[in-house]
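Me: Could you take me through a close look at one part of this protein, the strand that gives the most to the main nonpolar core? I would like a single connected account of what surrounds that strand and how it is held to the rest of the chain.

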Amino acid sequence: MITVNGGSIAYNHAGLDGGGIYSAGSNAKVYIQEGGTEESYVDHNTADRNGGGVFASLGEVHFSNGNVQYNFAENAGGGMYVDKSESGYGELFLTGNARLDRNHVPSGKKGGGVYLLGKVTVGAPGEQSSVTAENNYAYDTFPARTDKERVQQVLTNFVTNAVKYTQEGHIKV
């Protein structure tokens, strides 16, 4: 069992699965929850295969009052990848104020925010929940906030230098 309780798992990289958290095996469980007044964060993690932020195989993920954000996976599940459990499916429980934001995978891949082979449960009986999943992408490039004039200046300099220093051949923009 892995519990993130009011802490941060950030800026990690995995050569295969689970950039931030890797949990596998019989009865594997991951809890991402608030610790007192401090939210939990799983952010800026990367994986060469699946589950940039969280990879859970043969188990379940309980996600409550925390943030899974800015994670990347090359194949599936930029934020979370939840695989089949022994009961035949993975389980993702979203309760409280759970936020999935700006997780991504390359274009043509699956699950910018979550890739789930199983079922999801949102909220516990009698509990008020606010689950937010936004800006989770499958694309080739990162969106970036930039200064329009500076970007134009950089592109103009690239083209000007390409023309200036290309003796033969062609320039493709």
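Reply: What follows begins with the chain as a whole and then turns to that strand and its surroundings.

The model is a predicted one, and local features are described only where pLDDT is at least 70. The protein chain has 173 residues, of which 37% count as buried, and it contains 17 strands and one helix. Its accessible surface comes to about 10000 Å², and carbon and sulfur atoms account for 48% of that area. When contacts between residues at least 6 apart in sequence are considered, 83% of them join residues at least 24 apart.

The largest nonpolar core holds 16 residues, and the members with the most contacts inside it are I32, V54, V61, F63, V68 and M80. Two or more residues each come from β4 (21–33), β7 (54–64), β10 (80–82), β11 (90–95) and β12 (97–101). Of these elements, β7 gives the most to the core, with four residues, and β7 is therefore the strand you asked about. Burial is marked along this strand as well: 10 of the 11 residues of β7 are buried, so the strand is largely enclosed by the rest of the structure.

The pairing of β7 can be followed from one partner strand to the next. With β4, β7 runs parallel, and nine bridges join the two strands; within this pairing, Y31 has H62 of β7 as its bridge partner. With β11, β7 also pairs in the parallel sense, over five bridges, and here H62 has F93 of β11 as its bridge partner. H62 thus has a bridge partner in Y31 and another in F93. A further parallel pairing, over three bridges, links β7 to β10, where F55 stands opposite Y81.

The side of β4 is worth following through one residue, I32, which lies in that strand. I32 has a relative accessible area of 0%, and because buried means under 20%, this residue counts as buried. Leaving aside neighbours within four places in sequence, the contacts of I32 are V4, S40, V42, V54, H62, F63, S64 and V68. Among these contacts, V54 and F63 appear with I32 in the list of core residues that have the most contacts, as does V68. The reach of I32 along the chain can be put in another way: I32 and N67 are 35 residues apart in sequence, yet their C-alpha atoms are 8.3 Å apart in space.

Charged side chains add another link between β4 and β7. Side chains of opposite charge can pair when their charged atoms come close. In this model, E60 and K29 meet in a salt bridge, with 3.9 Å from N to O. E60 lies in strand β7 and K29 in strand β4, so the pair ties together parts that are 31 residues apart in sequence. The two partners differ in their exposure: E60 is buried, at a relative accessible area of 15%, whereas K29, at 26%, counts as partly exposed. The strands joined by this salt bridge are also joined by the nine bridges of their parallel pairing.

The count of salt bridges comes to four, and another of them involves the loop that leads to β7. D17 forms a salt bridge with R49, whose closest N and O atoms are 2.7 Å apart. D17 lies in the loop between β3 (13–14) and β4, and R49 in the loop between β6 (46–47) and β7, so this pair ties together parts that are 32 residues apart in sequence. Here D17 counts as buried at 10% relative accessibility, while R49 counts as partly exposed at 39%.

One more charged group deserves mention for comparison with the links to β7. The side chains of D101 and R102 meet in a salt bridge of 2.8 Å, N to O, and salt bridges that share partners join R99, D101 and R102 into one network. In this network D101 is buried, with a relative accessible area of 3%, and R102 counts as partly exposed at 29%.

Taken together, β7 is a strand with 10 of its 11 residues buried that gives four residues to the largest nonpolar core. It pairs in parallel with β4, with β10 and with β11, and the salt bridge between E60 and K29 lies between β7 and β4 as well.

Key
Residues are numbered from 1 along each chain as its sequence is written. This is a predicted model: local features need pLDDT of at least 70, side-chain atom pairs count only at pLDDT 80 or more; totals for chains, interfaces and linings use all residues. Side-chain values use heavy atoms; hydrogens and water are left out. Buried means under 20% relative accessible area, exposed over 50%, partly exposed in between (1.4 Å probe, protein chains only). Contact means heavy atoms within 4.5 Å. Accessible areas come from the Shrake-Rupley method with a 1.4 Å probe; for residues, only the protein chains shown count as cover. A nonpolar core is a set of buried Ala, Val, Leu, Ile, Met, Phe, Trp, Tyr and Cys residues joined through side-chain atoms within 4.5 Å. Two strands pair if DSSP finds at least two bridges between them.
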